[in-house]
Amino acid sequence: MITCPKCGLVSPSDASVCDCGANLLSRAPIKSVDKMPRFLRDFRMDDRPSCEKVIRNGGIAALVSGGLTLAFGVAGFFTGPGQSVLLDPYVLIDAALIFILAWFVFRRSRIASTILVLHFLLSKVVLFSEGAPMSVSNVIIAIGFMLYYVSAMWGTYIWHQRYSAVSHA
């Protein structure tokens with residue numbers, strides 16, 4: 001069995017070219033000139049390790065989001081009624097859902113990652129429609145989380161398409 005140096009796919013010993021197009025007979029390391037900015041490179045899924053990294057980063061973003069939601073929910077117990085949409089104790093349920101989805105994203109669940117993206121979109125629509133301030137910083141932060149969630153969702157689909165059978169072998 002030969003492991004592809006580019007994508008990590010395990011191929012039969014007599015294979016000379018991987019499914020991704022890499023030459024399996026050459027032992028020279030693959031060099032790539034990458035002109036993409038560092039931040040955007042975190043979202044590329046060229047091979048198995050980068051796919052794993054994108055999924056992990058999406059799970060970490062979900063944990064951060066769940067932690068922030070939990071903090072706002074706990075703070076809601078110490079404020080008066082009607083203070084803010086963000087300081088509602090019921091968002092503790094939301095935090096629990098985000099933590100559960102994060103756990104499944106780490107386990108490479110396509111369903112959980114898709115639900116996480118849809119939940120995030122719906123929660124932002126509800127939050128902004130109920131009067132949360134829609135400042136430039138809030139929108140930029142939301143776009144950042146959305147980038148991580150969508151790339152993790154995409155990563156789970158790519159993982160199951162390309163690497164799932166390899167990890168069970």
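## Salt bridges

In this predicted model, a search of the whole structure turns up 2 salt bridges. As general background, side chains of opposite charge can pair when their charged atoms come close. Arg 48 and Glu 52 form one of these bridges, with their closest N and O atoms 3.5 Å apart. Both residues sit in helix α2, where they are 4 residues apart, about one turn of the helix.

Glu 52 also forms a salt bridge with Arg 108, and here the closest N and O atoms are 3.9 Å apart. This pair links distant parts of the chain: Glu 52 belongs to helix α2 and Arg 108 to the loop between α3 and α4, 56 residues apart. Through shared partners, the salt bridges join Arg 48, Glu 52 and Arg 108 into one network.

How buried or exposed are the members of this network? Arg 48 has 18% relative accessibility, so it counts as buried, because the cut-off for buried is under 20%. Glu 52, at 27%, counts as partly exposed. Arg 108 is partly exposed too, with a relative accessible area of 26%.

## The loop between α3 and α4

Let us stay with Arg 108 for a moment, in the loop between α3 and α4. Its phi is near 65°, a positive value in a residue other than glycine. For context, most residues other than glycine have a negative phi.

Ser 109 is found in this loop as well, between α3 (91–106) and α4 (110–129). Is Ser 109 buried or exposed? With a relative accessible area of 19%, Ser 109 is buried, since buried means under 20%. The Ser 109 side chain reaches the backbone nitrogen of Ile 111 at 3.4 Å. Setting aside residues up to four places away in sequence, Ser 109 touches Phe 104 and Thr 156.

## The chain as a whole

Now let us step back to the overall layout. The protein chain holds 5 helices and 2 strands. Reading from the N terminus, the order of these elements is β-β-α-α-α-α-α.

The chain has 169 residues, and 33% of them count as buried. Looking at contacts between residues at least 6 apart in sequence, 57% join residues at least 24 apart. The chain exposes about 10,500 Å², and carbon and sulfur atoms supply 66% of that area.

## A nonpolar patch on the surface

Which residues make the nonpolar surface patch of about 480 Å²? They are Ile 60, Leu 63, Val 64, Leu 68, Phe 72 and Phe 106. Helix α2 (residues 48–75) gives the largest share of the patch, with 5 residues.

Ile 60 is a good residue to look up here, and its place is in helix α2. At 40% relative accessibility, Ile 60 counts as partly exposed, because that value falls between the 20% limit for buried and the 50% limit for exposed.

## Cysteines

How many disulfides does a search of the whole structure find? The result is 0. In general terms, a disulfide is a covalent bond between the sulfur atoms of two cysteines.

Two cysteines can still be placed by their accessibility. Cys 18 counts as buried, at 4% relative accessibility. Cys 51 is buried too, with a relative accessible area of 0%.

## Pro 12 and Leu 118

Where is Pro 12 found? Pro 12 lies in the loop between β2 (10–11) and α1 (38–41). Its relative accessible area is 46%, so Pro 12 is partly exposed. Leaving aside neighbours within four places in sequence, Pro 12 is in contact with Met 1 and Ile 2. The C-alpha atoms of Pro 12 and Ile 2 are separated by 6.1 Å, while the two residues are 10 residues apart along the chain.

Another residue to find in the model is Leu 118, in helix α4. Leu 118 is exposed, with a relative accessible area of 53%, because exposed means over 50%. Between Leu 118 and Val 150 the C-alpha to C-alpha distance is 9.6 Å, and the pair is 32 residues apart in sequence.

Methods:
Residues numbered from 1 in each chain as written. Predicted model: local features only at pLDDT ≥ 70, side-chain atom pairs only at ≥ 80, totals over all residues. Heavy atoms only, no water. Buried < 20%, exposed > 50% of the residue type's maximum accessible area, 1.4 Å probe, protein only. Contact = heavy atoms within 4.5 Å. Areas by Shrake-Rupley, 256 points an atom, 1.4 Å probe, with all protein chains shown as cover. Patch = residues over 30% accessible without salt bridge, like charges linked within 9 Å, V, L, I, M, F, W, Y side chains within 5 Å. Salt bridge = Lys/Arg side-chain N within 4 Å of Asp/Glu carboxyl O. Disulfide = S-S within 2.5 Å. Polar contact = N/O pair within 3.5 Å; in protein donor to acceptor, adjacent residues only side chain to side chain.
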